[in-house]
Amino acid sequence: MPPTMRAVVLDGPGPAEALQVRELPRPVPKPGQVLVRVEAFGLNRSELHTRLGLADGVTFPRVPGIEATGTVAECPGGEFPVGQKVVAMMGGMGRTFDGGYAEYTCVPASQVIAFTSDLPWHVLGAIPEMLQTAYGCLTVGLDAQPGQTILIRGGTSSIGLATAVLAKRRGLSVVSTTRRLDRTDKLTTLGVDHVVLDTGAVAEQVRKIVPGGVDVALELVGAPTLADTLASVRSQGVACFAGMLSNEWIIPDFYPIGYLPHGVRLSAYGGDASDLPPQVLQEFLDAVAVGNATVPIGGVYTLDEIADAHRAMESGHAFGKIVVTTKPVTQP
């Protein structure tokens with residue numbers, strides 16, 4: 001292996017141009033760590049928050065990236081064989097230690113999940129954090145059950161799209177919001193049952209579709225829309241706060257008795273790699289390989305195009321996960 005690697009470095013908060021590709025020493029793993037040769041990584045709003053200076057606990061300079069997909073290059077503790085295909089995510093990646101925006105990343109073995117698949121790297125790179133969050137929201141955050149109806153607020157985000165795919169596979173009826181009606185066909189193609197135009201208030205529209213309110217709701221927009229999302233949920237139903245597309249996650253002067261509708265429960269989900277069982281990852285990859293599940297990808301960029309990729313994420317115009325590859329993508 002080369003002694004150095006190319007990596008994206010953020011010296012401090014700033015615009016997309018603050019993300020600089022540099023040559024850095026290749027990390028050397030210690031026992032209990034895994035050195036991953038990164039093939040691709042997805043972009044996440046968490047990394048946008050880091051770049052904008054909105055994230056807590058981040059030290060600079062920093063290689064961002066809360067996830068990565070590739071192969072094991074070194075593993076001193078023997079937890080994974082060299083050459084094994086793996087994903088790595090969360091656990092402080094890109095925040096308290098250098099993350100996945102690089103040709104190599106060194107992570108704790110507990111944050112690594114092995115898999116087998118012949119899917120292209122840019123497809124594999126879109127999956128880890130997106131699947132982990134969607135699965136965790138449905139299970140830990142909502143305890144969603146077959147036959148229930150779910151509202152996904154922020155339905156055209158990568159997490160919203162992944163949640164819709166998983167929810168349909170789990171036998172739920174899906175209501176998704178979008179601020180652009182021209183995305184209705186794309187949502188219904190993924191299996192969404194009802195599309196609601198989000199003008200800032202959707203509860204009335206949702207209750208026309210589902211009298212009495214939905215069973216569960218996933219809030220991905222953030223604090224500005226949470227109260228309206230809660231108003232869309234039936235009594236004894238659950239709303240899970242799991243995303244901040246609005247970059248706002250604090251509710252000023254929160255008074256639970258006055259804020260929460262009668263009988264509606266509020267949960268939250270952040271999660272970690274441990275919330276994604278290896279068999280769930282493998283089953284999803286196998287389903288994608290045979291065409292029984294879809295990975296919504298909003299764009300594929302190279303490492304040198306990282307600033308363009310971040311601008312695309314920040315604009316909110318991408319339909320699906322934005323992926324960066326460390327090598328050029330070979331088109332079939």
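A residue is called buried when its relative accessible area is under 20%. With that cut-off in mind, this report looks at a predicted model, beginning with one helix and moving outward to the domains.

**Helix 9 and the core around it**

Helix 9 covers residues 278–289, and its buried residues are V280, L281, Q282, F284, L285, A287 and V288. These buried residues pack against strand 5, strand 7 (112–114), helix 2, helix 3 and helix 4. The length of the helix can be checked by simple reasoning: at 1.5 Å a residue, its 12 residues should span 16 Å, and because the end C-alpha atoms are 17 Å apart, the two values agree. After helix 9 comes G291, which has a positive phi, near 85°.

Two residues of this stretch, L281 and F284, also appear among those that touch the most other members of the largest nonpolar core, together with L142, I150, L276 and V295; this core has 53 residues. The elements that give two or more residues to the core include strand 8 (149–153), strand 11 (214–219), strand 12 (233–241) and helix 9, while the largest share, seven residues, comes from helix 4. The core draws at least three residues from each of domain 1 and domain 2. If residues up to four places away in sequence are not counted, F284 touches I127, L131, V165, L166, A293, T294 and V295. Another core, of 39 residues, lies apart from the largest one, and V9, V63, A68 and A88 are among its members.

**A203, a buried residue in helix 6**

A203 is placed in helix 6, which runs over residues 203–209. Because its relative accessible area is 9%, below the 20% limit, A203 counts as buried. Leaving aside neighbours within four places in sequence, A203 is in contact with D228, A231 and S232. The C-alpha atoms of A203 and T229 are separated by 6.5 Å, although these residues are 26 residues apart along the chain.

**The two domains**

The domain assignment gives domain 1 (4–128 + 286–325) and domain 2 (142–268). Some values for this pair are collected below.

| Property of the pair | Value |
|---|---|
| Separation of centres, over C-alpha atoms | 28 Å |
| Area buried between domain 1 and domain 2 | about 1300 Å² |
| Part of that area on carbon and sulfur atoms | 62% |

The contact takes 15 residues from domain 1 and 14 residues from domain 2. In domain 1, R45, H49 and F319 lose the most area to domain 2, and together they make up 43% of what that side buries. How many salt bridges cross the interface of domain 1 and domain 2? The rule finds zero.

Key
Residues numbered from 1 in each chain as written. Predicted model: local features only at pLDDT ≥ 70, side-chain atom pairs only at ≥ 80, totals over all residues. Heavy atoms only, no water. Core = buried A, V, L, I, M, F, W, Y, C linked by side-chain atoms within 4.5 Å. Buried < 20%, exposed > 50% of the residue type's maximum accessible area, 1.4 Å probe, protein only. Helix = DSSP H or I, 4+ residues; strand = E, 2+ residues; numbered from the N terminus. Domains from an automatic or database assignment. Contact = heavy atoms within 4.5 Å. Expected span 1.5 Å × (residues − 1). Buried area = accessible area lost by both parts, 1.4 Å probe. Salt bridge = Lys/Arg side-chain N within 4 Å of Asp/Glu carboxyl O.
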